[in-house]
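Hi everyone, and thanks for making time. Let's walk through a structure together, starting with its open spaces and ending with its sheets.

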Amino acid sequence: MARLALAALGDLPAAQRPLVDPRAIGVGIVHLGIGAFHRAHQAVFTEEAVAAAGGDWGICGVTQRSRGVLDQLRPQDGLYSVLVRGPETSLRVAGAVRDLLFAAEEWERLQALLAAPATRIVTLTVTEKGYRHDPATGRLRRTDPDVAADLAGEALPRTVVGQLVRGLQARRAADAGPITLLSCDNLPANGEVLRGLVTDFCAAIPGGDSLASWIAESVSFPSSMVDRIVPATTDDDRAEVARLLGFEDRGVVVTEPFRQWVVEDHFAAGRPAWERAGAVLTSDVAPYEAMKLRLLNGSHSTLAYLGALAGHEHVADAMADPGIAGVVAHLMADDVEPTLAVPDGFDVAAYQRELVERFHNPALRHRTVQIAMDGTQKLPQRLLGTIADGLARGAEPRFACLGVAAWMRYVWTAQTVDDPMAGRLRELTADAATPEAVVEALLSLEEVFGSELPANERFRDLVTDSLEALTKGGVAAATAI
């Protein structure tokens with residue numbers, strides 16, 4: 001079967017073709033971290049915005065960790081299909097990705113793109129761990145070996161922050177004008193986090209003070225909130241797309257009908273008309289961000305750990321478990337909602353019902369172990385903020401604490417834990433024989449839990465009680481409400 005590529009577009013039905021002619025748009029956005037989520041979310045919004053209002057806002061996608069995405073998309077001229085699974089299935093080829101590169105092999109080209117006047121926005125989906133920061137303080141983790149090497153300038157930059165700062169140095173030297181750095185990762189105040197890390201990096205390099213002054217004048221760091229469930233693509237998905245398209249597509253992404261993007265409207269050099277594609281442009285992302293991180297992501301992580309512990313492969317399977325579904329509902333309504341500053345006119349109860357519906361979608365086949373990855377990076381913004389705020393107002397956030405306990409049980413007992421701190425997790429729990437010992441060991445991770453929560457006796461008791469229930473009676477006992 002022939003491979004999807006520009007030459008194939010004329011053979012596709014009109015409903016499956018890109019909304020714009022990919023050959024007619026130039027690159028105006030560099031995206032760091034071109035995984036499945038970006039291709040199913042920001043790239044789709046961007047193509048629809050260009051179709052509605054024009055502009056050279058094509059995307060150069062940069063992969064950080066491997067050549068995998070390049071091998072999928074370069075032979076396809078950057079094209080890939082978006083398979084939307086819901087009550088009905090739809091399929092369209094996306095055309096906003098116009099160039100691709102692998103940062104580890106093509107640093108000079110990436111640097112040139114960051115310094116090019118035509119590049120006016122850099123977007124990021126590098127996951128929480130990609131920022132190489134201390135989640136408890138938000139500061140650059142200068143003890144990280146790759147960060148230290150980037151600060152020393154010993155080789156080509158390996159970290160995202162190092163790449164950005166060296167690219168901004170080149171942009172300043174070229175007098176290429178202002179630019180916007182837009183984080184789209186699941187971090188509270190992600191724009192401010194990114195600004196702080198760039199500032200920390202500048203403060204640690206020669207000539208960094210003058211560079212930081214230029215950045216303050218010429219670079220904006222808006223925050224954003226993104227929401228769309230994008231499970232890993234399977235061989236069955238690729239086979240289905242080949243049947244529907246009549247062409248092989250190795251870059252297909254699978255997603256749900258729902259999507260949301262809330263963006264702080266603070267851009268230094270223009271932007272696509274994303275609002276024409278349904279994005280919300282606002283002066284304050286924080287309320288939307290907190291709702292999404294705590295209601296969706298916090299619930300997602302909790303049900304993923306509980307589901308994995310109970311042997312459920314997919315999210316929908318876990319949600320079919322009445323105990324787990326009940327925990328999710330109580331977590332959102334009892335623990336999270338009272339901590340939120342809900343925007344005027346926003347129906348938070350309806351939002352929770354919609355989340356439950358999305359979690360129940362059996363067509364997505366979102367694996368619980370995929371969501372369970374990188375827990376040390378996710379817990380602070382997904383669950384620990386809810387817990388801290390709940391305790392501060394005198395509440396007992398026991399469902400959020402059950403989520404933390406489920407993570408502890410998971411990293412204590414799973415054969416393989418995919419986490420940047422996996423080695424330390426193994427060391428801390430290797431000799432722990434009781435739930436109390438596991439709680440004591442894991443709460444020593446100050447970079448995850450900080451110092452205040454571990455010192456709170458009620459928090460420790462709630463987590464320990466939940467971990468004991470999980471250990472002695474399993475998920476069924478722990479979720480009995």
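Before any volume, a word on what a pocket is: on a 1 Å grid over the protein atoms alone, a pocket is an open set of points with protein on both sides within 12 Å along at least five of seven lines, while a cavity is a set where a 1.4 Å probe fits but cannot get out; lining residues have an atom within 4 Å of a point. Grid points are joined across faces, edges and corners, and a volume is the space filled by probe spheres set on the points.

Please keep in mind that this is a predicted model, where local features need pLDDT of at least 70, side-chain atom pairs count only at pLDDT 80 or more, and totals for chains, interfaces and linings use all residues. Residues are numbered from 1 along each chain as its sequence is written, and side-chain values use heavy atoms, with hydrogens and water left out.

So, to the second largest pocket, with a volume of about 520 Å³. Its lining counts 26 residues, and Pro-135, Ala-136, Pro-380, Gln-381 and Gly-385 lie nearest the centre. Two or more lining residues come from each of α10 (286–309), α15 (375–392) and α19 (446–449). Helices here are DSSP runs of H or I with at least four residues, strands are runs of E with at least two, and both are numbered from the N terminus. Which element gives the largest share of this lining? That is α15, with six residues. By type, the lining divides into 15 nonpolar, eight polar and three charged residues. For that count, Ala, Val, Leu, Ile, Met, Phe, Trp, Tyr, Cys and Pro are nonpolar, Asp, Glu, Lys and Arg are charged, and the others, Gly among them, are polar.

Now look at how α10 and α15 meet. Their axes come within 10 Å and cross at roughly 115 degrees. Axes are lines fitted to C-alpha atoms, for helices over the stretch in contact, and angles run from 0 to 180 degrees between N-to-C directions. On the α10 side, the contact residues include Asn-297, Ser-301 and Tyr-305, and on the α15 side they include Gln-381, Arg-382 and Asp-389. Contact means heavy atoms within 4.5 Å. The residues of this contact divide into three nonpolar, eight polar and three charged.

Next, the closed spaces. How many cavities of 30 Å³ or more does the structure hold? There are three, and the largest has a volume of about 50 Å³. Among the residues lining the largest cavity are Cys-184, Asn-190, Met-225, Glu-289 and Lys-292. Both β9 (224–227) and α10 supply at least two residues of that lining. It divides into five nonpolar, three polar and three charged residues.

On to the sheets. One is an open sheet of six strands in the order β5-β2-β1-β6-β7-β8, with parallel pairing. Two strands pair if DSSP finds at least two bridges between them. β5 (97–102) and β8 (219–220) stand at the edges with a single partner strand each, so one side of each has no neighbour in the sheet. Further in, β6 (residues 121–124) and β7 (residues 179–183) pair in the parallel sense over four bridges, and Ile-121 stands opposite Thr-180 in β7. Helix α6 (residues 160–174) packs on this sheet, touching β1 (27–32), β6, β7 and β8, and its direction makes about 170 degrees with that of β7.

Following β6, you reach Arg-132, in the loop between β6 and α5 (145–152). Not counting residues up to four places away in sequence, Arg-132 touches Leu-140, Arg-141, Asp-144, Asp-146, Val-147 and Thr-159.

The other sheet I'd like to show is open too, with three strands in the order β4-β3-β10 and mixed pairing. Here β4 (89–94) and β10 (253–255) are the edge strands, each with a single partner, so one side of each is left without a neighbour in the sheet. A hairpin joins β3 to β4 through three residues, and β3 (residues 80–85) pairs with β4 in the antiparallel sense over six bridges. In β4, Leu-91 is the bridge partner of Leu-83, and Ser-90 is that of Val-84. Finally, helix α9 (residues 235–245) lies across β3, β4 and β10, at about 105 degrees to β3.

Thanks for listening!
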